[in-house]
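User: I am new to this structure and would like a close look at a single part of it. Could you pick one, walk me through it slowly, and then show me some of what surrounds it?

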Amino acid sequence: GLSPRPLSVSGTDEHGLKIQQAAAAAGTSPAELCQRVSGLFRQALTGAGVAYTDFIRTSEPRHQRAVRHFWGALGDAGVLYKGSYEGWYCTPEESFLPESQLAERTDSQGRPCKVSLESGHEVHWTKEENYMFRLSAFRDPLQSWLRDNPRAIVPRPFLQRVLRWLDEDLPDLSVSRERSRLHWGIPVPGDPSQTIYVWVDALVNYLSVLGYPESHGPWWPAVHHVVGKDILKFHALYWPALLLAAGLQPPERILVHSHWTVRGQKMSKSLGNVVEPGVCVGQFGVDGFRYFLLRQGVPERDCDYYEEKVVKLVNSELADALGGLLNRSTARSINPSNTYPRFSEACFPKVLGCREARGAGRACAEDYELVAAVAALPAQVDAHFQSFQIYKALECIAQCVRQTNGFFQRHRPWKLERREAGEQRWLDTVLHVTLECLRVFGTLLQPVVPRTADRLLSRLAVRPGERGLSGLTFLARYHGKPCPFEGRQLGPDTGVLFHRLGKLETGKKRKQEAQVPDKQL
């Protein structure tokens with residue numbers, strides 16, 4: 001049958017002791033706190049230009065219904081049992097931690113206490129009667145799943161981490177808490193004295209958003225989860241085991257990313273070095289901020305953030321290299337007719353291999369290298385996007401932008417004598433090649449810097465239906481085929497493609513720009 005339309009889903013995980021305590025401390029109800037915070041997350045996503053087809057809140061009835069059904073499936077499979085559980089519980093992480101993950105510290109009163117090695121949060125000894133999940137029975141199924149699907153967890157270092165966990169002891173998992181301690185959550189069906197463990201509840205969101213248990217079939221398991229490395233164990237051990245127990249397949253892929261540090265230090269409220277995305281969007285523009293994060297963010301290791309780095313990168317690659325190239329190649333002084341100029345095969349003959357490229361043509365060996373590089377770019381970028389290595393895709397594009405600038409500089413079109421027919425043909429060819437390169441860059445950059453890419457493509461008169469990846473051609477005339485853009489009137493001048501960022505820009509100008517509806521940019 002037809003494959004279902006792609007969905008991209010975000011949402012908020014709203015239950016648990018941590019939220020119950022935070023609401024009490026703020027003098028509000030958990031429901032009101034979640035309503036407010038969930039709104040802030042939506043706002044942050046919208047502000048950063050992130051689109052989603054659905055936003056699931058774990059406090060919604062559709063989710064609670066799915067969780068109750070999932071719990072029933074676990075019960076029917078015989079993988080739940082009542083047991084007494086005791087151990088060190090970390091409320092901020094909503095997780096029991098083994099002794100090996102704890103350290104001795106002193107609290108603010110100078111009393112000895114135990115804290116989580118990973119997060120530094122204090123842990124408390126907790127003993128209670130809970131429902132347990134037979135996680136220990138799933139070591140073999142999980143190992144064979146990863147043996148048969150080595151690309152299920154990427155990048156590779158994270159897969160290796162999970163395989164190491166599977167070599168260690170895999171104790172059964174406590175999957176409920178006493179209702180008297182934790183009332184903010186979903187009650188265990190048939191046992192109102194217990195609340196379903198927040199992580200079991202939260203993980204089911206991936207199913208509830210697809211209409212589980214009735215309508216998830218067409219999508220599941222062809223789903224990709226994007227998760228931070230700090231919650232890898234929940235997604236790569238507990239969740240696949242729970243799914244297998246409930247008679248479902250694990251997700252097709254778990255894409256894991258690392259964290260941003262600030263000037264080499266972990267971001268934390270106590271250090272006061274938390275970077276607010278909304279402030280960054282105001283400072284660098286939506287596209288500037290997105291470009292930096294995606295260009296510099298390497299999924300397998302923590303990356304460092306500081307303002308000067310953003311300014312330097314965005315100015316050199318977006319404002320100067322890309323914006324400067326568009327500006328120079330569409331300037332009235334060099335292209336007075338404001339059209340997409342014609343390509344001359346005589347000036348730039350199709351030569352196999354770069355060596356005999358001298359002939360009658362005006363193009364030199366580096367020009368053929370440029371054409372080959374840009375021709376190979378869409379497939380390269382697509383492969384990097386598919387494998388979640390977005391920074392590699394942007395590195396390839398930036399490299400080609402540099403080469404195109406080199407091509408433009410090398411032939412100095414502004415120096416060519418327009419009154420001479422042969423020179424005019426060569427000038428048009430240089431501009432044609434440059435605009436073709438820019439059109440490819442603009443098309444490929446759309447997911448990363450949507451507004452900037454739209455301005456660039458509109459300036460080149462590329463229509464909405466001509467902006468897809470599948471139909472993307474490059475330099476058709478070089479291959480002896482007609483080019484639909486040739487001779488076309490260019491779009492209106494969209495002004496500076498990307499404004500250079502000042503050292504300490506006030507953010508006023510950017511905010512105004514951010515508030516202009518897309519149509520007017």
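Analyst: Let's begin with the overall layout: the C-alpha centres of domain 1 and domain 2 lie 47 Å apart. In this predicted model, domain 1 covers residues 9–257 and domain 2 covers residues 305–489. UniProt, in an unreviewed entry, also places a feature called "domain: Methionyl-tRNA synthetase anticodon-binding" at residues 361–461. Over residues 361–461 the chain is 78% helix and 0% strand, with its end C-alpha atoms 29 Å apart.

The part I would like to show you is the loop between helix H14 (450–459) and helix H15 (508–515), where Thr-494 is found. Arg-467 has its place in the loop between H14 and H15 too, and so do Ala-461 and Leu-475. Let's visit these residues in turn.

Ala-461 has a phi near 60°, a positive value in a residue other than glycine. That is worth a pause, because most residues other than glycine have a negative phi. Ala-461 also counts as buried, because its relative accessibility is 15% and the cut-off for buried is under 20%.

Further along is Arg-467, which is buried with a relative accessible area of 15%. What does Arg-467 contact, leaving aside its neighbours within four places in sequence? Its partners are Thr-443, Gln-446, Asp-454, Leu-457, Ser-458 and Val-462. Take Asp-454 from that list: Asp-454 and Arg-467 are 13 residues apart along the chain, and their C-alpha atoms are separated by 9.4 Å.

Next comes Leu-475, another residue other than glycine with a positive phi, here near 50°. Is Leu-475 buried or exposed? Its relative accessible area is 0%, so Leu-475 is buried.

Thr-494 completes the visit to this loop. With a relative accessible area of 18%, Thr-494 is buried, since the cut-off is under 20%. Not counting residues up to four places away in sequence, Thr-494 touches Arg-455 and Arg-459. H14 spans residues 450–459, so you can look for those two arginines there.

Now for the rest of the chain, starting with helix H1. H1 runs over residues 17–25, and its buried residues are Leu-17, Ile-19, Gln-20 and Ala-23. Seen down the axis of H1, these buried residues fall within an arc of 165°, so they line one face of the helix. They pack against helix H2 (30–47), strand E3 (80–90) and strand E10 (176–178). Just after H1 you will find Gly-27, with a positive phi of about 65°.

Helix H3 (residues 61–76) offers a neat check on its geometry. At 1.5 Å a residue, its 16 residues should span 22 Å, and the end C-alpha atoms are 23 Å apart, which agrees. The buried residues of H3 are His-63, Ala-66, Val-67, Phe-70, Trp-71, Ala-73 and Leu-74. Viewed down the helix axis, the buried residues of H3 fall within an arc of 155°, so they line one face. The face turned away from that buried side carries the exposed residues Pro-61 and Asp-76. H3 is followed by Gly-78, whose phi is positive, near 75°.

Strand E3, met above as a packing partner of H1, has strand partners as well. E3 runs antiparallel to strand E7 (residues 124–133), joined to it by 10 bridges; within E7, Glu-128 is the bridge partner of Tyr-85. E3 also runs antiparallel to strand E4 (residues 95–97), with 3 bridges between them, and here Trp-88 stands opposite Leu-97. E3 and E4 form a hairpin with 4 residues between them, and Glu-94 in the turn has a positive phi of about 45°.

Finally, look for two prolines. Most peptide bonds are trans, but the bond from Val-154 to Pro-155 is cis, with omega near -5°. Pro-155 is found in the loop between strand E8 (153–154) and helix H5 (156–167). Another cis peptide bond joins Tyr-212 and Pro-213, with omega about 5°. Pro-213 has its place in the loop between helix H7 (205–208) and strand E13 (224–228).

Notes: Residues numbered from 1 in each chain as written. Predicted model: local features only at pLDDT ≥ 70, side-chain atom pairs only at ≥ 80, totals over all residues. Heavy atoms only, no water. UniProt positions renumbered as here; feature names shortened; annotations may be inferred. Buried < 20%, exposed > 50% of the residue type's maximum accessible area, 1.4 Å probe, protein only. Arc of directions from axis to C-beta. Contact = heavy atoms within 4.5 Å. Expected span 1.5 Å × (residues − 1). Domains from an automatic or database assignment. Pairing = 2+ DSSP bridges.
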